[in-house]
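Colleague: I should like to go through this structure with you, one question at a time. Please show it first.

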Amino acid sequence: MKKLVMVATLLGLGWSASAFADPVKVAIGTIKGPGAKEVTEALKRSISSEAGFEVVGNKDGAAAVINGVVSKAGKKLDAALTVEDPQGQTLKSWRIRAKKAARLAQLIEGDLWNRIGPTLKGLAGGEGSGGGESAPDAPAVDPNLRKVGLLKVEGSAKNKAELLVVGGFRSTPGLELVATEVIRGQALKLGVQLDDPSGRVEIARALGLSAYLSLKLEEKSGGLEGTALVTDALDGRTASEAKASAKNSTNLSRDLKAATLPLFERTKAPTGKAAEAPMLAAAPPPPAAPPPAPSGGGSSSGGSESTQLETTAPAKDKGIKDRSHSPLEIAAGLKFFTRSLTYNDDLYGALRPYDLSGAPSLDAQLRWYPGAHFGSGIASIFGVYGQFNYALGLKTVDAMEREFATSQLSFGGGLRVRIPLGASELGVFGGYGQHGFTLDGTDGPTGIDFPSVSYGFLRYGADGRLSPFDGFHARFGFAWRQMLSAGEIAEADWFPRATMGGLDAQLGVGYEVVSGLEVQLGAELIRYFYAMNPEPGDGRVAGGAVDQYLSATLGVAFYL
């Protein structure tokens, strides 16, 4: 019974020591540029959410300081972040890009621990150490695991092959590959230099390493070549060098690992007795290919000892045209349109169709989302839209060879709600509009055989934008027009009992030539259809009519 009490007491003390260990303090230093506020808040949320870490406002007493600059990089925001020690030495650099500040913050918060987490955890005394002091002379060693420190990855094929080659070593049973950032963090904690052999020995004892691994990956004619340099971590002796060549990264990963694993057996275990380390498993089949490496970046476990910034924006961000939170979009262009008014069931054959083969008009559209000026929350999806189109210089000639000045004018506006879907967007809208095609100077008994139309309607429908790759998008839309009026064609001299409906549809593409400026090409169909409902004694008799407009627009769009 006394023994049980003693065991319980010891366990309780151990738990207490672990539970109340001092957290690793990380200070958010200076973050400058557009979107700095969103980036700062994302860093605070991500670091605070990790057990054993604390965000502090003062650099004094902090184990690390994160500084950064956000700048415009073409079409995107570029955030360059650095993790520094209290003396200002850079431990790790990280660069990430996105279209908008909100998206930038989202990517930072979601990927921080993959990118700079190993560096921060290294300051705590190694991965998963919880921030306590390491005992360099008595590291905790798992007798069933050989730990190898990855010193660096370099070479012309680094970006192309690093993920697969390093991933191959990580997947080996009985082998733990310790990240470069963890090794650097431990060097800073111990106050030793990584390029000093005696310093590497101290790091190895603190982390329980038996070997160091350096990789050089080169592109050669016909394929790839890899060189692995294995160094005994406890005496600084170079065990040997392994080389392999292959046509692709997958085969290089398999062959280089097979050639390198026997070299680890020649190194000493952390206790100084190589026999205590298990024999490494034979090289397994090549690992499954991980996702492609982000453009211009490397894996978080690799990298040279240079402090040059790395481009580490996730691949999925490439091509995201984050217009789903743009507060303002303005488009203008030149529209070429045709018009066709035809009748069916013309009882007397006296109704003359109207045909306009083509004419230019000026077109402008606007979308404004006031809430998007203040953030990307729910308020940013509600907005207003407006549309204007006007054609000048048209003429109509009737059966008596008389000319009438003719104009075409349409305008409208209403409310729109957008639904962001990653790089794409759907929207629903509703509003009021007018569309007129009028012949001037036809008031009174002129005997003209073309009626003017002046449509008033409620318009509601859905539209969307698809962005399959960077800079390009396709858009579409459809709307129903609930007719309120039609003008002269529905008056007593023409078809006073006419009923009508209308619809419109759009298709288009666009390409962003510079940030915020897009060239657009679009096509549109507008169609009004009538039931004339004639009665005996009517001067004009028809069963129905179709008034149709087809157009193509070339223009530009500006958006914030």
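Colleague: Which residue in β3 stands opposite alanine 27?

Modeller: This is a predicted model, in which local features need pLDDT of at least 70 and side-chain atom pairs count only at pLDDT 80 or more, while totals for chains, interfaces and linings use all residues. Residues are numbered from 1 along each chain as its sequence is written, and side-chain values use heavy atoms, with hydrogens and water left out. Strands (E, at least two residues) and helices (H or I, at least four) are DSSP runs numbered from the N terminus. Opposite alanine 27 in β3 stands valine 65.

Colleague: How many bridges join β1 to strand β3?

Modeller: Two strands pair if DSSP finds at least two bridges between them. Strand β3 covers residues 64-73 and runs parallel to β1. The number of bridges joining β1 to β3 is five.

Colleague: Which residue in β2 is the bridge partner of alanine 27?

Modeller: Strand β1 (residues 24-32) also pairs with strand β2 (residues 53-56), in the parallel sense and over four bridges. In β2, the partner of alanine 27 is valine 56.

Colleague: Which helix joins β1 and β2 in a right-handed β-α-β unit?

Modeller: A crossover is right-handed if, with the strands pointing away from the viewer, the path from the first strand over the helix to the second runs clockwise. The helix of this unit, residues 36-48, is α2.

Colleague: Is serine 249 buried or exposed?

Modeller: Serine 249 lies in helix α8 (residues 249-264). Leaving aside neighbours within four places in sequence, its contacts (heavy atoms within 4.5 Å) are Lys160, Ala161, Leu164 and Leu224. Buried means under 20% relative accessible area, exposed over 50% and partly exposed in between, with a 1.4 Å probe and protein chains only. Serine 249 has a relative accessible area of 10%, and is therefore buried.

Colleague: How are the rings of phenylalanine 169 and phenylalanine 264 arranged, and what class does the pair have?

Modeller: The whole structure holds eleven aromatic pairs. Rings of Phe, Tyr and Trp (its six-membered ring) pair if their centres lie within 6.5 Å; planes under 30 degrees apart count as stacked, over 60 as edge-to-face and the rest as tilted. Here the centres are 6.4 Å apart and the planes stand at 70 degrees, so the pair of phenylalanine 169 and phenylalanine 264 is edge-to-face.

Colleague: Over which ring does the charged end of arginine 540 sit?

Modeller: A charge sits over a ring if NZ of Lys or CZ of Arg is within 6 Å of the ring centre and within 35 degrees of the ring normal. The charged end of arginine 540 is 3.7 Å from the centre of the ring of tryptophan 494.
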